[in-house]
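Notebook open, structure loaded. I want to jot down what I look up as I go, starting with charged pairs and then moving on to the fold.

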Amino acid sequence: MKLIKTSLLAIVLLITVASCSKEEAVVLEEVNYSIDLNLADETDWAMADEILKLVNEHRETQGLSRIQRDQTYASAYAVDHTKYMMDKGTISHDNFGVRSNALKDQGAVIVGENVAYGYDSAEKVVNAWLNSPGHLKVIEGLYTHSGFGIVKNAQGQIYFTQLFYKK
């Protein structure tokens with residue numbers, strides 16, 4: 001019995017010694033969300049402007065405010081993701097958390113994203129998004145700004161990333 005009490009005491013002592021104190025400082029690793037802003041120059045801005053025009057026309061029919069174009073961080077991250085999808089040969093939302101956190105680091109409150117592949121016009125990609133409940137929800141979200149990554153691959157196929165955020 002004495003051995004059991006001693007063992008229990010040792011276990012309790014071990015647990016107490018190994019636990020964290022509320023006074024201990026928590027060290028958080030600093031995350032670097034830097035990106036080359038020149039990537040934004042690689043997007044097809046003529047198509048991006050047409051997409052934004054169509055998105056804003058739809059938003060107005062829903063009584064929503066217009067979205068402003070972001071040619072800096074959001075577009076650089078959008079182009080970066082578009083190039084990633086091109087390298088993979090498929091569309092995805094891989095690593096969305098990184099893009100979202102990077103934009104939040106720049107002052108965004110909420111972030112959304114639509115991606116697409118293979119459409120040859122702004123009208124076709126926006127119509128596809130409007131006819132998809134998930135994409136429509138993003139288009140009709142409470143966003144204020146949008147960045148674009150619209151890039152054509154070597155075979156002439158266009159990949160799209162549209163990042164939405166609210167400041």
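How many residues apart in helix α2 are E50 and K53, and what does that make of their separation in helical turns? I counted three residues along α2 (residues 45–61), so the two are separated by about one helical turn. A caveat before I go on: this is a predicted model.

**Entry 1, salt bridges**

I pulled the E50–K53 pair up first, and the two form a salt bridge with the closest N and O atoms 3.9 Å apart. My cut-off is 4 Å from a Lys or Arg side-chain nitrogen to an Asp or Glu carboxyl oxygen, and I kept the pair at 3.9 Å. I then looked up how covered the partners are. E50 is partly exposed, with a relative accessible area of 26%, and K53 is also listed as partly exposed, at 41%. The pair is not isolated either: I found E50, K53 and E57 linked in a network of salt bridges.

Next I checked E60 with R66. Their side chains meet in a salt bridge, 2.8 Å from N to O. E60 comes out partly exposed at 42% relative accessibility, and R66 is partly exposed at 48%.

My third pick was K124 with D120, where the closest N and O atoms of the salt bridge are 3.0 Å apart. Here I noted a split in the labels. K124 has a relative accessible area of 46% and is partly exposed, whereas D120, at 53%, counts as exposed. The line between the two labels is 50%, so D120 falls on the exposed side.

For the record, I get seven salt bridges in the structure.

**Entry 2, the sheet**

In which order do the strands of the open sheet lie? I read β1-β3-β4-β2, four strands with mixed pairing. The edges are β1 (68–69) and β2, each pairing on one side only.

I zoomed in on β3 (residues 145–152) and β4 (residues 158–166), which pair in the antiparallel sense over eight bridges. At one spot I marked K152, which stands opposite I158 in β4.

**Entry 3, helices over the sheet**

I looked at what packs on the strands. Helix α3 (residues 73–88) lies across β2, β3 and β4, and its direction makes about 35° with β3. Helix α5 (residues 122–130) lies across β2 and β4, running at about 120° to β2.

**Entry 4, a nonpolar patch**

Which residues make the nonpolar surface patch of about 270 Å²? I got V109, I110 and L142. I110 belongs to strand β2 (residues 110–117), one of the edge strands from Entry 2. I checked its cover too: I110 counts as partly exposed, with 34% relative accessibility. Patch members need over 30%, so I110 passes that part of the test.

**Entry 5, whole-protein numbers**

I count six helices and four strands, and from the N terminus the elements run α-α-β-α-α-β-α-α-β-β. Of the 167 residues, 38% are buried. I also looked at sequence range: among contacts between residues at least 6 apart in sequence, 71% join residues at least 24 apart. Last, the surface: the protein exposes about 10200 Å², and 55% of that comes from carbon and sulfur atoms.

Notes. Residues numbered from 1 in each chain as written. Predicted model: local features only at pLDDT ≥ 70, side-chain atom pairs only at ≥ 80, totals over all residues. Heavy atoms only, no water. Patch = residues over 30% accessible without salt bridge, like charges linked within 9 Å, V, L, I, M, F, W, Y side chains within 5 Å. Areas by Shrake-Rupley, 256 points an atom, 1.4 Å probe, with all protein chains shown as cover. Buried < 20%, exposed > 50% of the residue type's maximum accessible area, 1.4 Å probe, protein only. Pairing = 2+ DSSP bridges. Contact = heavy atoms within 4.5 Å. Axes fitted to C-alpha atoms, helices over the stretch in contact; angles between N-to-C directions.
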